[in-house]
Amino acid sequence: MTADQELQIIVRQGKEPNPTVQDERNSVSSSQAEVSHSNTYKRWLRVTLYTFFVISGQTVATILGRVYYDNGGNSKWLATVVQLVGFPVLLPYYILSFKTHATTDRDGKRTSPRNRVLVYVVLGLLVGADCYLYSIGLLYLPVSTYSLICASQLAFNAFFSYFLNSQKLTPIILNSLFLLTVSSTLLAFNNEESDSTKVTKGEYVKGFICTVAASAGYGLVLSLQQLAFLKVLKKQNFSEVMDMIIYVSLVASCVSVVGLFASSEWKTLSSEMENYKLGKVSYIMNLVWTAVTWQVFSIGGTGLIFELSSLFSNAISVLGLPVVPILAVIIFHDKMNGLKVISMILAIWGFTSYVYQQYLDDKNLKKNHGITTTKSSDPPEAEESRWQSK
């Protein structure tokens, strides 16, 4: 064999990849793909669970609030307190889970206590005022009109998210927002006469204005929560979600309790319970379960902000609004008509549009991640040879 032939063989061998190295690359790539699919599956499983919490919690809590008012309840501040004071039911699970999450989430810098307290106090004050406005609206407005105005929170949230969270309003998202808003708007043409027989025109206007203000406030709170997760807390984990729910609820609960005593409504609670049409036990159980179901809603809403965005969380909330009249057919024996059916169909359509946009975003993210991984998958030797050839 000549020297030239030996040199050619050596060059060919240098160009051929090492089988062991190639197998290792394939194994790593395969394991990364499996982890990615597993994480995506778990993420959408959590999104589904949070969605169920939002819809079921909001629906049951709203119906219980209507039952409270229809059967002799009249305290707006008490209705506000029960929306917020149920957060201690989360403490046992939070304490049991704290050690696990504390040991797995050690990702650098911690937020200063001053900034953290400021976030919880500001959000707590806003949530407390917001819940009080919602209580006034539910007292004076029919359920259908109340649901209509609450749907405007989606538009307010889109407005605030555009400026605070850099939310992109794609045509699909705009279509979703339009459908969800129209879905709830249709309920305005289905007012039940029995809801407004004891409400004066002035009280009706008061309820309308308060509910609009509450919807704007709720849209702002959701955008501020998302901003706090990204800019102030700078962590996206279980502990931060639970801290947000518990401490914000604590501050808001203090606000509502102060309001209850400052307004002197607490003096009428004993007589209110005595005269409650369904009895004392039903009165207490109504308040307890209203508190629990609002916390279920809070977990779902905050979880959706954590997983996706405040706008998606609000879209799910609006999706649940047409469910209230549907359940009213079963519980209160209201009549089902075409408007309620169309409203539900449009709500599902709008929700599907929004989920489809999330699917497209995830698909683009995976594609971009795959390109980045491919570019960075070359071995150091190859990178070095390319650099030396330049």
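**Reading salt bridges, core and cavity**

Q: In this predicted model, which residue's side chain meets that of arginine 66 in a salt bridge?

A: The partner of arginine 66 is aspartate 70, and their side chains meet at 3.4 Å, N to O. Side chains of opposite charge can pair when their charged atoms come close. A salt bridge is counted here when a side-chain nitrogen of Lys or Arg lies within 4 Å of a carboxyl oxygen of Asp or Glu, and by this rule the count comes to 4 salt bridges. Residues are numbered from 1 along each chain as its sequence is written, and side-chain values use heavy atoms, with hydrogens and water left out. Since the model is predicted, local features need pLDDT of at least 70 and side-chain atom pairs count only at pLDDT 80 or more, while totals for chains, interfaces and linings use all residues.

Q: Where along the chain do arginine 66 and aspartate 70 stand relative to each other?

A: Both belong to helix H2 (residues 19-70), where they are 4 residues apart and so separated by about one helical turn; helices are DSSP runs (H or I, at least four residues), numbered from the N terminus.

Q: Is arginine 66 buried or exposed, and how does aspartate 70 count?

A: Buried means under 20% relative accessible area, exposed means over 50%, and partly exposed lies in between (1.4 Å probe, protein chains only). Arginine 66 is buried at 6%, whereas aspartate 70, at 38%, is partly exposed.

Q: Which residue does arginine 116 pair with?

A: Arginine 116 forms a salt bridge with glutamate 240, at 3.1 Å from N to O. This pair links distant parts of the chain, with arginine 116 in helix H5 and glutamate 240 in helix H10, 124 residues apart, and both residues are buried. In another salt bridge, lysine 280 meets glutamate 274 at 3.0 Å, N to O; here lysine 280 is partly exposed at 42%, and glutamate 274 is partly exposed at 48%.

Q: How many residues does the largest nonpolar core have?

A: A nonpolar core is a set of buried Ala, Val, Leu, Ile, Met, Phe, Trp, Tyr and Cys residues joined through side-chain atoms within 4.5 Å. The largest one has 77 residues, and among those with the most contacts inside it are Tyr68, Val127 and Met244. Its largest share, 11 residues, comes from helix H5 (residues 113-140).

Q: What does methionine 244 touch?

A: Contact means heavy atoms within 4.5 Å. Leaving out residues up to four places away in sequence, the contacts of methionine 244 include Tyr120, Leu123, Phe229 and Thr302.

Q: How many cavities of 30 Å³ or more does a search of the whole structure find?

A: Rolling a probe the size of a water molecule over the atoms shows where empty space is left. A cavity is a set of points, on a 1 Å grid over the protein atoms alone, where a 1.4 Å probe fits but cannot get out, and lining residues have an atom within 4 Å of a point. Grid points are joined across faces, edges and corners, and the volume is the space filled by probe spheres set on them. The search finds 1 cavity, with a volume of about 660 Å³. Of the 40 residues that line the largest cavity, the closest to its centre are Gln83, Cys131, Tyr218, Trp294 and Phe297. Helix H12 gives the largest share of this lining, 10 residues.

Terms used: Helices (H or I, at least four residues) and strands (E, at least two) are DSSP runs, numbered from the N terminus. On a 1 Å grid over the protein atoms alone, a cavity is a set of points where a 1.4 Å probe fits but cannot get out, and a pocket is an open set with protein on both sides within 12 Å along at least five of seven lines; lining residues have an atom within 4 Å of a point.
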